[in-house]
Amino acid sequence: MRIILSSVIFASWLSAQCALCACAHHAPDQGAGREANTIIEAARRNPRDGKLAAAAGYYFFRREQWIQSVVWLAKAYELSGHDQEIGYDLASARLQLGDREAAKQQLNEMSKRTETSRLHSLMGELQEQSGEYSAAAREYYRAAELEPSESNIFDLANFLLQHKKYSGYIPESMKFFRFGVEKFPRSSKMMVGLGVALYASEEYDEAVKVLCAAVDLAPDDQRPVTFLGMARKVSPELAEQVDRRLEDFAERYPQNAAADYEYAVSLWDRGGGEQGRNLDRIEALLRQAIARAPKWYEPHYQLGLLYESKARPQEAIREMRKASSLEPVFKPAHFHLAVLYKRIGDKVRAAQESARARQLDNAEIESSMHAQAK
């Protein structure tokens, strides 16, 4: 069994992965541990030093400690005479903290002095958080118009992709991703975004081709491989081509848990599950993935399926229990646990797991009905 994620989840995951680089424009890291304590203590001893206040603010910003970051960046912003870059970072920290009103006041005040792409990008983020999606789209458009950078084009295209319920957003998203790929042909991130947009438009064959090209473009980038693993089933004609990429990735990067896992699943889908082929190889790959990413529930679940197919119920139960403990709302693990417990005669636990699976089913139905009612 394999779960194919929706295009909205794809887009959200893509945003999360790409956000790891969001702080690249900040001042160089001043160090950790004792050196960081030295900076903060120096800022406290010199309350009128704006540079020290900014260094302390950026220290907390990089560690996503938003309350402390806002305190120090607000001080640095005032001491610097409202430095533009510090102001942008302060507004960003306030948005991360969820203080939209303070961020709005600050951005409105800054907009009276100058118009920049980053100002509009932050305004877009603010409007998006507030649920004002049309206004957010206008801000992201303006940011990309003022500065058609890789980041701004990607943010606009990915925003449009995530809000596909608004008429015309998906075609617009694809248009900007195509433009981004043309303008930044070495950008694996942009290529993956285009692949996801194509997937959302149900253009599966082209989506897989683009994701395969992204793997070839940047074989050390985990994102296209992960998406290929998710998308391979929707294009059976290209499954063999995808599997070759996954095999190649696993061989070239033996320390990569995602490579091990995705290749194991591709082998499972190509006869491992139904015909019992390559089970030892699949088991070895899954064990490697678990060893390298012990908090990842999916390899445990897949290994549980393998043990279940080999009539090793106790080992299958162990892996399914691990998967359900790492991801309690993952319904398939509870369903298989119910079946496995029934198979070994443990009726009490079988009933418990069956009830949990039904509970998750009902919660999913209620959530879907609530979303449709909005």
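**Reading burial, cores and charge pairs**

Q: Let's start with one residue. How should I read Ala 333, buried or exposed?

A: Look at the relative accessible area. Ala 333 comes out at 0%, so this residue counts as buried, the cut-off being under 20%. Bear in mind that we're looking at a predicted model.

Q: Fine. Where does Ala 333 sit, and which residues is Ala 333 in contact with, leaving aside neighbours within four places in sequence?

A: Locate the element, then look past the sequence neighbours. Ala 333 belongs to helix 19, which spans residues 331–343. Leaving out neighbours within four places in sequence, its contacts are Tyr 301, Met 320, Ala 323 and Ser 324. You can also check C-alpha distances: Arg 321 is 12 residues from Ala 333 in sequence, and the two C-alphas are 7.4 Å apart in space.

Q: Ser 324 is on that contact list. What does the view from Ser 324 look like, and which residues is it in contact with beyond four places in sequence?

A: Turn the picture around. Ser 324 is part of helix 18 (residues 313–326), and its contacts, again without neighbours within four places, are Ala 333, His 334 and Leu 337. A relative accessible area of 11% makes Ser 324 buried. For a polar side chain, see what its polar atoms face: here a polar atom of the Ser 324 side chain lies 3.0 Å from the backbone oxygen of Arg 321.

Q: Now zoom out. How many residues are in the largest nonpolar core, and which touch the most other members?

A: To read a core, find its members with the most partners. This one has 73 residues, and Phe 177 and Ile 282 are the two that touch the most other members. Helix 11 (residues 188–200) supplies the largest share of this core, nine residues. As for Phe 177, its contacts beyond four places in sequence are Phe 154, Ala 157, Asn 158, Leu 161, Met 190, Gly 193, Leu 194 and Ala 197. There's another core apart from the largest one, with 28 residues, among them Leu 73, Leu 107, Leu 119 and Met 123.

Q: On to charges. How many salt bridges does a search of the whole structure find?

A: The general idea is that side chains of opposite charge can pair when their charged atoms come close. In this model the search turns up 19 salt bridges. Take Asp 89 and Arg 118, whose side chains meet at 3.0 Å, N to O. Asp 89 is in helix 5 (residues 84–97) and Arg 118 in helix 7 (residues 117–129), so this pair ties together parts 29 residues apart in sequence. Asp 89 is buried at 1%, while Arg 118, at 21%, is partly exposed.

Q: Where else does a salt bridge link distant parts of the chain?

A: Try Asp 243 and Arg 270: their closest N and O atoms are 2.8 Å apart. Asp 243 lies in helix 14 (residues 239–252) and Arg 270 in helix 15 (residues 257–275), 27 residues away. Asp 243 is buried, with 3% relative accessibility, and Arg 270 is partly exposed at 35%.

Q: What about Glu 315 and Arg 312, buried or partly exposed?

A: Check each partner separately. Glu 315 is partly exposed at 24%, and Arg 312 is partly exposed too, with a value of 24%. Their side chains form a salt bridge at 2.7 Å, N to O.

Q: Which residues are linked in a network of salt bridges?

A: Follow the links from one charged side chain to another. Here the network is made up of Asp 280, Glu 283, Arg 287 and Lys 310.

How values were computed. Residues numbered from 1 in each chain as written. Predicted model: local features only at pLDDT ≥ 70, side-chain atom pairs only at ≥ 80, totals over all residues. Heavy atoms only, no water. Helix = DSSP H or I, 4+ residues; strand = E, 2+ residues; numbered from the N terminus. Buried < 20%, exposed > 50% of the residue type's maximum accessible area, 1.4 Å probe, protein only. Contact = heavy atoms within 4.5 Å. Core = buried A, V, L, I, M, F, W, Y, C linked by side-chain atoms within 4.5 Å. Polar contact = N/O pair within 3.5 Å; in protein donor to acceptor, adjacent residues only side chain to side chain. Salt bridge = Lys/Arg side-chain N within 4 Å of Asp/Glu carboxyl O.
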